[in-house]
Structures are given as C-alpha cells and as structure tokens.
Amino acid sequence: MKRPFPEVLVLALAATFAWGCPRSELEPLPGEDDVEGLPMDAVPGGLGPGDDALAEDGSFVMEEAVLVIHSNAAGGPVEIPVVGAAPEWCSMDPTAVITCEEGEEVVPQTVLHLHGDESYVGSGEVEKWEWSVEQPQGSMSVFIPSAGVPNPTFEANVAGVYTFSLTVWNGTWPSPFPATYEVVVIPDEAIHIELLWHTPEDLDETDTGPEAGSDLDLHFVHPWAAGPDLDGDGKPDGWYDIPFDCFWFNTHPNWGSYDPTTTDDPGLDRDDTDGAGPENLNLDIPEDVTYRIGVHYWNDHGYGPAYATVRVYIYAQLVFEVADVMLVDSDMWDVCGLEWPAGKVQLHTKEAGQYKITPDYHNPYFFQ
Ligand SMILES: [Ca+2]
Ligand SMILES: [Ca+2]
Ligand SMILES: [Ca+2]
Ligand SMILES: [Ca+2]
C-alpha cells in the first residue's frame, strides 16, 4: 500500500530523534538509491540516546540506521543503510536552565531569586529570556522587573505550588523545550490564614500603588476583643479592637504571655491595599481559645464588587476554604471561628444559612 509523502518525514525524524538529536540529517550512503519521495520505515541503529556523538579528536561519530522502503515494485521492501551526524547547527539549540537561590521549598512571602543566566547555547549566545509561571489559585504575583530578564525576582506569597517555566532564544531560535522548576510554598506556623480577592472591574489586578486596586482587609480577633455591636447580634463585634483585633492598624499585637520571647502573638505579615491580596496572618503558639476571622471591604477605589477567598492552614494543612464570596464596599464579613487546640474551623452563617455579612460597616474610630 502506498503511503503519503509526509509520513516519510515523520518516520525519518522519529528515527533521528531516537538517536538523541532531534535535528540530525539522514543521507543515503554513496551509491545507494535516492530515497526522496518514497515511503519508508527507519530502523535506528548505531548510536543510542545519550551516546557521545563526538570522537575525542572532535570529529563526528557517524550514526547508523536502516531505512526500509516500501513500494509496489517487485522484490518487496528495499533496505538502505544510512549514516548521519548532528550537523553543527544542531548545537545552536539553546538550552534553558533555571536555578533558584531559595530552593524548592519555602515559606509564604519568600522573595525568590530566579536565575536563567545559566542557560546556554553550544555555539552562539542566549539573547532573549521569557519566563512564565503557574501559580496557586488566586495568586497574582509578577516577575520583577519583568518576565524578559535573565534573573528576575518573584514573591511567592500564597501557599501551594508555583511552577516556573523558562524559554530562551538564540536569535530567533527558541529552546526546543522550556526549562521548568517547581517551588512549594509551605506555611511553617501553627495557624496560617490567607485572604485573596478578585475584582472583575479592575482590568490589571497586578499593578501596585495607591488606589491601583480594591482594598479588602483581613481581621483576626481574640475572644477578649470588645467594641460596638454594629452587626446587631447582641455581642460586641470585636472588629477594630486594639489590641485584640489583629489587622492592618494593629499588625503585631502582644497577646497571651507578655514575655516578648514567647511566640504566642499573631502577625499580619502581609497587608495589601491595591487588589488581589494576599493578606497573610500567622500565629505560632495559639492560646486555648476560639478566635474569629473577618474580612472588611475597606475601599473599592471605584473598582466595584470583589470576590473574596479565605483559606486557613493548620500546621501546613489546608483545613478550611471559603471561595469567591461577593463583597461590596464597606461590607463586614464575619467569616468563621477557629477553635484551639482542636484546630476546628466553623463557618459563621445567618439563621437562613447566608454568609454573615453586615453592609455599610463603619467602626466609629476607623472610617473614611
Ligand atoms: Ca489594578
Ligand atoms: Ca487591605
Ligand atoms: Ca455583634
Ligand atoms: Ca505575647
């Protein structure tokens, strides 16, 4: 049966690929028939993958194979021995290499120093770098200063896996495969809480600066927190209490023991005022109490509703997530309770089961 011409190329490429160089050239030995345009099979032989294609004196070690040509001529398939070697331009393929100073496992909010400058070309120079990343859901970090430099930095703020890819160019010739590098971000404290948000009307959620995005705030209150009862449930709300609400104005209060060497104080270790988040809160040695977690939509800066996600990690395990809850400017969302030492997280709801959101929430001491 006659097969179409393109298959010839596919087979020849597959055979050369099997020898370890994707761009070897196959040539019939002198005196053999011209195989152009004929259907054939290639049977790899000679060098195997990983064999050194250069002899000690620098000359090519020729690779060998047999092409089996099928046609409707009498006499059956014709076998043609072929030899080939990777021509010089094959070594002009750039190879992308990624290294990371901080390694493959870090805590949240680590600034990663990525290096692509060990990428190389056999003959020639790497002239262009292009980084990309797959981030944990909701994470919106960017390469600094850009995704086009050899050695960018990148802030890994959200727990989970970041997979970096790098493609490099020798002139207009890209590396055949991108290099990839995985960094796992693992919280190292007993309690780690993340607030992330998505604001559809903000067309660039990664830019920074005053009023560049919407501003949601994470609140973490101790049961001793007091204050007005603006949500009308008959109990002090606790939000904005000082010192017993840990939030942007009170990021590192002293709770529990007064001994400053005891790591029993919560820390709002990342505040975000211009979209996306995250805001991260950590607590190393919790007290045996029930904490509460809240989210306040401080200022939408004109970008409209935001969709908030709260994640709670206990000893690095994700134990609670409530995702994409719509909030509008000035909403106060009483998210959940966190009971210690059980590590149990209880979603707070209204009687009919809705999220416990109080609109137009303005604490008398913190308003704008
Ligand atoms: Ca923005
Ligand atoms: Ca904020
Ligand atoms: Ca209340
Ligand atoms: Ca303390």
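The exercises below work through a predicted model, moving from the whole chain to one sheet and then to one residue.

**Exercise 1. Describe the make-up of the chain: how many helices and strands are there, and what share of the residues is buried?**

Begin with the secondary structure, where the chain shows one helix and 26 strands. Next, turn to burial, and note that buried residues make up 32% of the 368 residues in the chain. Finally, consider the contacts with a sequence separation of 6 or more, of which 61% are accounted for by residues 24 or more positions apart.

**Exercise 2. In the open sheet of four strands, determine which strands stand at the edges.**

First write down the strand order, which is β6-β8-β12-β11 with antiparallel pairing. In this order β6 (99-100) and β11 (143-144) each have a single partner strand, so one side of each is left without a neighbour in the sheet, and these two stand at the edges. Then look at how β6 is held to strand β8 (residues 110-115): two bridges join the antiparallel pair. Within this pairing, Cys100 stands opposite Leu114 in β8.

**Exercise 3. Locate Phe247, and decide whether this residue is buried or exposed.**

Start from the sequence, which places Phe247 in the loop between β18 (245-246) and β19 (267-270). Then apply the cut-off for burial, 20 or more other C-beta atoms within 10 Å; because Phe247 has 25 within that distance, the residue is buried. Leaving aside residues up to four places away in sequence, Phe247 touches Asp217, Leu218, His219 and Leu268. As a last step, compare sequence with space: Phe247 and Pro266 are 19 residues apart in sequence, and their C-alpha atoms are 9.8 Å apart.

Terms used. Residues are numbered from 1 along each chain as its sequence is written. Chains are lettered from A and ligands numbered from 1 in the order in which they are written. This is a predicted model: local features need pLDDT of at least 70, side-chain atom pairs count only at pLDDT 80 or more; totals for chains, interfaces and linings use all residues. A residue is buried if 20 or more other C-beta atoms lie within 10 Å of its own, exposed if 12 or fewer, and partly exposed in between; C-beta atoms are placed from the backbone. Two residues are in contact if their C-beta atoms, placed from the backbone, lie within 7 Å. Two strands pair if DSSP finds at least two bridges between them.
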